[in-house]
Amino acid sequence: MSLRFVTRSVHAYLDYPVAIALMTLPFLMGLGQSNPLALWLSVVTGVAAFVLTVLTDHHLGIWRVLPYKFHLAVDLIVGITFLFAPSVLGFSGLDAVFYWLNGAAVVLVISLSAPEQEVAA
């Protein structure tokens, strides 16, 4: 049994709630105490993630113009960025923990993503 069980369909169902959480949780949690960017980086990333999901070629995409592999690559970049943001931008306390946990979660989901099945022509 493969550990790579996050299918395109499962990933699609995660995308919208995660994007909304990235936009709302910083306000609910009071992020930005160590640096105002700790609040706004997540909000802007959430808006971008929502747009990316709307444009991704999966069953929950509305305008399916971006390949799913591109979506995964962007997610990986976001995860890595979130992991390094506290060090690079001087986040501390809850601000840093928020980014470390979210970055680790994104990288984990990408690493557990099932490979795309080749379609026979």
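**Reading contacts, fold and a buried residue**

Student: What share of the contacts in the protein chain with a separation of 6 or more comes from residues 24 or more positions apart?

Tutor: Residues at least 24 positions apart supply 64% of those contacts. Do keep in mind that this is a predicted model.

Student: How many helices and strands does the protein chain have?

Tutor: There are four helices and zero strands, and reading along the sequence gives the pattern α-α-α-α. The radius of gyration is 15 Å, close to the 14 Å that the globule rule gives for 121 residues, so the protein chain is as compact as a globular protein of that length. For its dimensions along the principal axes, picture the C-alpha atoms filling a box of roughly 55 × 30 × 20 Å.

Student: What can I say about the surface, and which atoms supply it?

Tutor: About 7200 Å² is exposed, with carbon and sulfur atoms supplying 75% of that area. Of the 121 residues, 34% count as buried. As for charge, there are 4 positive and 6 negative charges, and their mean positions lie 8 Å apart.

Student: Let's take one residue. Why does Phe82 count as buried?

Tutor: Buried means under 20% relative accessible area. Phe82 has 2% relative accessibility, so Phe82 counts as buried. You will find Phe82 in helix α3, which spans residues 68-89.

Student: Which residues does Phe82 touch, leaving out those up to four places away in sequence?

Tutor: Phe82 touches Leu22, Leu41, Ser42, Thr45, Tyr99, Trp100, Asn102 and Gly103. Try Gly103 in the viewer: Gly103 is 21 residues from Phe82 in sequence, yet their C-alpha atoms are 4.7 Å apart in space.

Conventions: Residues are numbered from 1 along each chain as its sequence is written. This is a predicted model: local features need pLDDT of at least 70, side-chain atom pairs count only at pLDDT 80 or more; totals for chains, interfaces and linings use all residues. Side-chain values use heavy atoms; hydrogens and water are left out. Helices (H or I, at least four residues) and strands (E, at least two) are DSSP runs, numbered from the N terminus. The radius of gyration is taken over C-alpha atoms; the globule rule is 2.2 Å times the number of residues to the power 0.38. Buried means under 20% relative accessible area, exposed over 50%, partly exposed in between (1.4 Å probe, protein chains only). Contact means heavy atoms within 4.5 Å. Accessible areas come from the Shrake-Rupley method with a 1.4 Å probe; for residues, only the protein chains shown count as cover. Lys and Arg count as positive and Asp and Glu as negative; His and the chain ends are not counted. The place of a charge is taken as NZ of Lys, CZ of Arg, CG of Asp or CD of Glu.
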